[in-house]
Amino acid sequence: MSVEVRTEAGPVRVGTEECFRHLVEALSDPEPDARKLGICGLVASADSRAAEHIVGLVDDPDLEVRTRAIIALGRLGDVGTAPALMRQARSGNPHVHRAAITALGELGAVGLDLLAAELRVSDPADRVRAAISMGETHDLAALPSLSLALGDPDPTVRARAREAIEKIRECRVF
């Protein structure tokens with residue numbers, strides 16, 4: 001049984017090169033909803049080329065498209081997209097910033113430097129997200145920064161730093 005997607009040109013079988021091309025084309029559609037669907041389809045395709053097409057949307061004028069692209073890049077785990085994610089993490093938009101911090105945490109060690117810097121920002125919510133994301137990296141290099149966060153004035157930051165440290169240590173036991 002094959003699954004098909006309807007396009008203007010007719011049905012296209014999911015998982016084919018033709019389907020992949022249609023999804024990539026959707027990324028440049030003038031309608032934000034089409035771009036969002038293209039992102040979702042490319043992530044679902046699990047094609048190793050997906051990130052190279054999605055990365056251009058981290059600067060999309062539509063906030064939802066931009067945020068979805070950032071989240072998708074984290075899920076795809078392509079470390080080559082880290083510079084674009086780091087740039088977005090420094091953006092002035094809190095939604096974009098938070099999505100980028102989460103995505104960097106999903107990339108592993110590549111985002112550790114930025115995440116470590118986030119543990120020193122003034123907003124406790126950003127410090128909490130940074131601590132959680134550092135735990136997601138499972139990287140021992142995160143432990144010094146997380147250890148410093150154990151002295152944070154915010155109790156939630158301290159708790160999340162402690163949980164992140166435990167998570168990293170547990171992963172290293174096995």
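Here are legends for three close-up views of this predicted model.

**View A. Helix α1 packs against helix α2 in a left-handed crossing.** Helix α1 covers residues 17-26 and helix α2 covers residues 32-45. Their axes lie 7 Å apart, and the packing angle is about 145 degrees. If you zoom in on the α1 side, you will find Phe20, Leu23, Val24 and Ala26. These meet Ala34, Arg35, Leu37, Gly38, Gly41, Leu42 and Ser45 on the α2 side. By residue class, this contact divides into seven nonpolar, three polar and one charged.

**View B. Ala50 sits in helix α3 and is buried.** Helix α3 spans residues 50-54. Ala50 counts as buried because its relative accessibility is 0%, the cut-off being under 20%. Leaving aside residues up to four places away in sequence, Ala50 touches Phe20, Leu42 and Leu76. Two of these may look familiar from View A: Phe20 belongs to α1 and Leu42 to α2. For a sense of scale, the C-alpha atoms of Ala50 and Arg129 are 26 Å apart in space, with their positions 79 residues apart in sequence.

**View C. Helix α6 meets helix α8 in a right-handed crossing.** Here, α6 (residues 94-107) and α8 (residues 124-137) pack with their axes 7 Å apart, at an angle of about 20 degrees. The two helices are therefore roughly parallel to each other, a label given to angles under 35 degrees. From α6 come His97, Arg98, Ile101, Thr102 and Gly105. Their partners in α8 are Ala125, Asp126, Arg129, Ala130, Ser133, Glu136 and Thr137. The residues of this contact divide into three nonpolar, five polar and four charged.

Methods:
Residues are numbered from 1 along each chain as its sequence is written. This is a predicted model: local features need pLDDT of at least 70, side-chain atom pairs count only at pLDDT 80 or more; totals for chains, interfaces and linings use all residues. Side-chain values use heavy atoms; hydrogens and water are left out. Axes are lines fitted to C-alpha atoms, for helices over the stretch in contact, and angles run from 0 to 180 degrees between N-to-C directions. Helices (H or I, at least four residues) and strands (E, at least two) are DSSP runs, numbered from the N terminus. A crossing is left-handed if the near helix is turned anticlockwise from the far one by less than a right angle, and right-handed if clockwise. Contact means heavy atoms within 4.5 Å. Ala, Val, Leu, Ile, Met, Phe, Trp, Tyr, Cys and Pro count as nonpolar, Asp, Glu, Lys and Arg as charged, and the others, Gly among them, as polar. Buried means under 20% relative accessible area, exposed over 50%, partly exposed in between (1.4 Å probe, protein chains only). Angles under 35 degrees count as roughly parallel, over 145 as roughly antiparallel, 65 to 115 as roughly perpendicular and the rest as oblique.
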